[in-house]
Amino acid sequence: MLLTGSQIIIEVLKEQKVDVIFGYPGGHVLSIYDELFKNQDRIKHILTADEQGASHAADGYSRVSGEVGVVIATSGPGATNLVTGLATAFSDSIPMVAITGNVPLRLSGTDSFQEIDAMSLTVAVTKHSFFVRNVEKLADTMRDAFRIAKSGRPGPVLIDIPHDVQKELCTFETKEKQQKDENEQPPIEEMNKAVEMINQAKRPVIYCGGGVINSNSAEEIKKLAEKCDAYVVFSMMGLSAMSAEHPKYLGMAGMYGRQDASRVMAQADLVIATGVRFAERGTGDKEKFVEKAKIIHLDIDISEHGKIINADTEITGDLKTALKYLEENVEQKHNTQWSEEVEKIKQTYGEKPADKKFFRPKEIIETINKIVPKGTAVATDVGQHQMWTAKYYSFSKPRTWLTSGGFGTMGFGMGAAIGAAVATKQKTLLFTGDGSFCMNMNEVITASRNNLPVIVVILNNGNLGMIKQLQTFFYGGNCFSIDLGNKTDFVKLADAFGATGYRAKNMEDLEIVMKKALQDIGPVIIDCIISPEENTLPMMPPNGSVNNIITK
Amino acid sequence: METIKIVIMANNTEDLLIRVTSLFHKRGFRIKTFVFDETTSCDLVKMYITVVCDYSKGEQMLRQLTKLYDIKEADLIAC
């Protein structure tokens, strides 16, 4: 059939089984929006307040559903507003396709109105980007974009389409949904070496990263941990890969991680690192990181091997296949002595239980955890609240934890929570700070307009808490540009944006308003007033180790 | 530190140069020499890039380059 470029875009989206896209219209995508208008019964378009919010929403949608998130924006400032969202997704390996319009080819390169070289602009923040000059290549380019986004190590891909190409006609034939490339199979020789290492280990630890979630290998990790009797420690991106109630679960290690988790990993004689990239927030000083242990490093991406840590055995390939092979071939172990040692470390260095007479982040997060249904998706922004949530919230299943791990994007949370709520159609939590929330709070409008069940819990301390903490500990207490002034009334703000607002100053308030929030329709904002003196401790200093953890 | 040469065979696309050079910059390399040449196929080009670095860093750069969509082959030669 003969179709315009814009019609082809819609047909390929349908081919790829895309039924929701996030975006913001503009002059050079109007042809595409005209086709979206005609296809509203097949593809739902969620209009956001800003293209950045749309990109975070597509990202959140993808993290929760496992599908490729799609975002559309116009040329010029529309495309530049996507950059932070693309970088966030790129850092965390989230499959996304971003479609941008551009000026007609006759104006290309003339500094035209709202013109930007989106393809070059996004080289550093995408797996790949395309500029489509020829409508006959548009369909296959789009299919390729979806394939690249979800193949191997997933990531965002941008397609920039000039406006005249969107209007040109060409022949189009529907194809089957583009599948991802088959992953490289892990080499048997290396895997057998790993089996041998695991069988010999007396103090094994599994270091679980975001790759376990991306590859849908949660079941395989659990089975391997049980078979080789290994405790499981997590990077921030790996959280939710295993239920926090599992007896082998230790929680997040690293800079703001749990002290017992970091210390257990430091005592291991074998670390099975799965889908982690050994980012410095997790490892600290790489010379002192797991000094006593041999390392097996499993990852889909060969360039992660040897980038920061040189492992004793490197296995490149499909993580699910590798973990299954290891579990099937290792011996059933019972490392009784190791278990006793780990329990002692947990007793000495583990988190103290919550005391509900205090209205502190730990108590707030653990209380909310118990009130909301199990399996609720939880998003965060970036800062102290993010680390508190990572430490204190007990996840029960994968794809329920949405946080900007690699890029640390403040303002990620509201958009991501919107994407998650659209994907799940269930109540979605956002833990945020008063600093982060204000970066993209305009997206509350989006949540209100669409009646999205997002419950925003602001841990409001009147400060940029993480910056204040770092200035206190490492810059002689010279706290500067961190005081947010406490003049914003988030309850009134909620009302102004069409949401429901509550304030909680103590645990009793919180329990009452949370139960109400679960019944409310549309977005809810809960302003929790906490002390500005709360710190995120224990903390391993930058480039530190378990030998210099700061506890007060 | 030594001078190493990376030889790349790639698809002849309009964005190839910017992707290769920005990847070198991103990973902290300074390009010493860069030769961009045609091949007998108009769809493929060859690049010869020399940098000064530890050999292991060069190997890491090779792994990063082979992830680029348009790169067909990449090899490392110590000079």
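Let me start in chain A, at A:N486, which lies in the loop between α21 (465-474) and α22 (490-496). Please keep in mind throughout that what we are looking at is a predicted model. The phi angle of A:N486 is near 55°, which is a positive value in a residue other than glycine, and with a relative accessibility of 60% this asparagine counts as exposed. Most residues other than glycine have a negative phi, and most peptide bonds are trans.

A second residue to set beside that one is A:D229, found in the loop between α11 (218-227) and β10 (231-234) of chain A. A:D229 has a phi near 50°, again a positive value in a residue that is not glycine. Is A:D229 buried or exposed? A:D229 is buried, because its relative accessible area is 11% and the cut-off for that word is under 20%.

While we are on the backbone, I would also point you to the peptide bond that runs from A:L537 to A:P538, which is cis, with omega near 0°. The proline of that pair, A:P538, belongs to the segment that comes after β20 (524-529) of chain A.

Let me move on to how chain A is divided. The assignment gives domain 1 (2-171), domain 2 (189-349) and domain 3 (361-529), and I will concentrate on the boundary between domain 2 and domain 3. The centres of these two domains, taken over C-alpha atoms, are separated by 30 Å. In the contact itself, 18 residues of domain 2 meet 20 residues of domain 3, and the two domains bury about 1600 Å² between them, with 62% of that area on carbon and sulfur atoms. Which three residues supply the most of what domain 2 buries against domain 3? They are A:M236, A:S240 and A:Y256, which supply 41% of that area, more than any other three residues.

As for the polar side of this boundary, the count between domain 2 and domain 3 is 1 salt bridge. A:E245 forms a salt bridge with A:K374, and the closest N and O atoms of that pair are 3.3 Å apart. There are also 5 residue pairs in polar contact between the two domains, counting pairs with both residues at pLDDT 80 or more. On the domain 2 side, the residues that touch domain 3 divide into 10 nonpolar, 5 polar and 3 charged.

Now to the interface between the two chains, where 13 residues from chain B and 21 residues from chain A take part in the contact. The area buried between chain B and chain A is about 1300 Å², of which carbon and sulfur atoms give 49%. Of the area that chain B buries against chain A, 47% is supplied by B:R19, B:R63 and B:Y69, more than by any other three residues.

How many salt bridges does the rule find across the interface of chain B and chain A? The rule finds 3 salt bridges there, and one of the pairs to look at is B:E14 with A:R133, whose closest N and O atoms are 3.0 Å apart. Between the chains, 9 residue pairs are in polar contact, with both residues at pLDDT 80 or more. On the side of chain B that touches chain A, the elements that give two or more residues are α1 (16-26) and α2 (55-65) of chain B, and α1(B) gives the most, with 4 residues. By type, the residues on that side of chain B divide into 2 nonpolar, 3 polar and 8 charged.

Let me finish with a few places within chain A. A:T446 sits in helix α20 (residues 444-449), and A:T446 is buried, with a relative accessible area of 0%. Leaving aside neighbours within four places in sequence, A:T446 is in contact with A:I46, A:L47, A:T48, A:A49, A:I418 and A:L452. Helix α17 (residues 384-392) is mostly covered, with 9 of its 9 residues buried, among them A:H385, A:W388, A:K391 and A:Y392.

At the start of the chain, A:M1 lies in the segment before β1 (2-4), and A:M1 is exposed, with a relative accessible area of 53%. Not counting residues up to four places away in sequence, A:M1 touches A:C170, A:T171, A:F172 and A:T174. The C-alpha atoms of A:M1 and A:A49, 48 residues apart along the chain, are separated by 36 Å.

Technical notes:
Residues are numbered from 1 along each chain as its sequence is written. Chains are lettered from A and ligands numbered from 1 in the order in which they are written. This is a predicted model: local features need pLDDT of at least 70, side-chain atom pairs count only at pLDDT 80 or more; totals for chains, interfaces and linings use all residues. Side-chain values use heavy atoms; hydrogens and water are left out. Buried means under 20% relative accessible area, exposed over 50%, partly exposed in between (1.4 Å probe, protein chains only). Contact means heavy atoms within 4.5 Å. Buried area is the accessible area (1.4 Å probe) that two parts lose on being put together, summed over both. A salt bridge is a side-chain nitrogen of Lys or Arg within 4 Å of a carboxyl oxygen of Asp or Glu. A polar contact is a pair of N or O atoms within 3.5 Å; within protein, one must be able to donate a hydrogen and the other to accept it, and residues adjacent in sequence count only if both atoms are side-chain atoms. Ala, Val, Leu, Ile, Met, Phe, Trp, Tyr, Cys and Pro count as nonpolar, Asp, Glu, Lys and Arg as charged, and the others, Gly among them, as polar. Domain bounds come from an automatic or database domain assignment.
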